[in-house]
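Please open the structure in a viewer and keep the sequence at hand. The tour below proceeds by selection, one stop at a time.

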Amino acid sequence: DVADARAIAAAADEARGLAAIGFNFRLHAAWQKLKELVEAGELGEPVAFFFSRIGRGAQGGWRRDPAQMCGMTVESVSHNVDMIRFILGEVGEAAALQAASDKTQPKFDDCLAANFKMASGAIGSLQATWASALGATRHVVAGREASAIIEGPSQFEFTQLRVRGRDEASERVFNFPPPLNSVYDADLSLIHI
């Protein structure tokens with residue numbers, strides 16, 4: 001709750017070292033590269049985005065413990081919302097948020113669909129599920145000059161970034177091995193918080 005957040009912030013202000021919210025997607029090389037491309041104007045003005053990740057997600061442990069769980073949206077999809085903001089700036093509006101719950105745990109949402117309009121005017125959607133036996137990730141940013149897609153074989157692996165201009169004459173492909181631990185493998189100076 002808000003009181004807990006304020007207590008954490010106060011403790012961080014008094015402590016030595018780095019305190020951060022655990023939005024580790026920011027530390028993955030694929031997302032760093034996409035941010036670099038957007039900031040350099042290589043996509044032109046971003047106008048649309050489509051973020052999706054599907055898979056089985058948490059099947060046990062604290063994430064499914066009724067005393068500790070908060071649902072997929074807070075525990076997992078919050079990372080995707082952070083990435084939307086990290087790459088495209090602040091959210092102007094969020095609408096048509098729909099969540100569905102696991103019938104075995106009604107307080108645990110495991111499917112989500114949401115639409116966004118960014119302060120910049122870009123529009124997009126986010127879909128996620130922990131109810132799929134198949135896994136994949138695909139995050140698209142479409143700009144006036146080029147589009148970029150981050151893809152991977154599971155909902156937590158971002159192994160390839162493809163960029164293609166509107167002329168469709170060439171495509172650049174950047175491959176990234178899944179890091180063993182994105183926090184420890186990352187250059188923390190690259191984080192823009």
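**A tour of the sheet and its surroundings**

Begin by selecting V141 and A148: A148, in β6, is the bridge partner of V141. The model is a predicted one, and the two strands at this stop, β5 and β6 (residues 146–152), pair in the antiparallel sense over six bridges. Two residues lie between β5 and β6, and the two strands form a hairpin.

Next, select the whole of strand β5, residues 136–143. Six of its eight residues are buried, so β5 is largely enclosed by the rest of the structure. Strand β1 (residues 46–54) also pairs with β5; the two run antiparallel and are joined by eight bridges. To see one such position, select F50, whose bridge partner in β5 is V140.

Now widen the selection to the full sheet. This is an open sheet of eight strands, in the order β2-β3-β4-β1-β5-β6-β7-β8, and its pairing is mixed. At the edges are β2 and β8 (171–175), each of which pairs on one side only. On average, neighbouring strands of this sheet are turned by 10° against each other, direction ignored.

Select helix α2 (residues 29–39) to see what packs on the sheet: α2 touches β1, β5, β6, β7 and β8. The direction of α2 makes about 20° with that of β7. Then select α3, which lies across β1, β2, β3, β4 and β5 and runs at about 15° to β3.

Continue to strands β3 (residues 105–118) and β4 (residues 123–129). Seven bridges join these strands, which run antiparallel. Within the pair, A113 stands opposite Q127 in β4.

The next stop is E90, in the loop between α3 (72–88) and β2 (91–102). Is E90 buried or partly exposed? With a relative accessibility of 46%, E90 counts as partly exposed. Leaving aside residues up to four places away in sequence, E90 touches R85, M118 and A119. Display the side chains of E90 and R85 to find the polar contact of 2.9 Å that joins them. Then select M118: its C-alpha atom is separated from that of E90 by 6.0 Å, although the two residues are 28 apart along the chain.

Finally, colour the model by pLDDT. The mean for the protein is 85, and 92% of its residues reach 70 or more. Among the elements, strand β7 (residues 160–165) has the highest mean pLDDT, 96, and helix α4 (residues 182–185) the lowest, 49. Where pLDDT is low, the predicted coordinates should not be read in detail.

How values were computed: Residues numbered from 1 in each chain as written. Predicted model: local features only at pLDDT ≥ 70, side-chain atom pairs only at ≥ 80, totals over all residues. Heavy atoms only, no water. Buried < 20%, exposed > 50% of the residue type's maximum accessible area, 1.4 Å probe, protein only. Helix = DSSP H or I, 4+ residues; strand = E, 2+ residues; numbered from the N terminus. Pairing = 2+ DSSP bridges. pLDDT = per-residue confidence, 0-100. Contact = heavy atoms within 4.5 Å. Polar contact = N/O pair within 3.5 Å; in protein donor to acceptor, adjacent residues only side chain to side chain. Axes fitted to C-alpha atoms, helices over the stretch in contact; angles between N-to-C directions.
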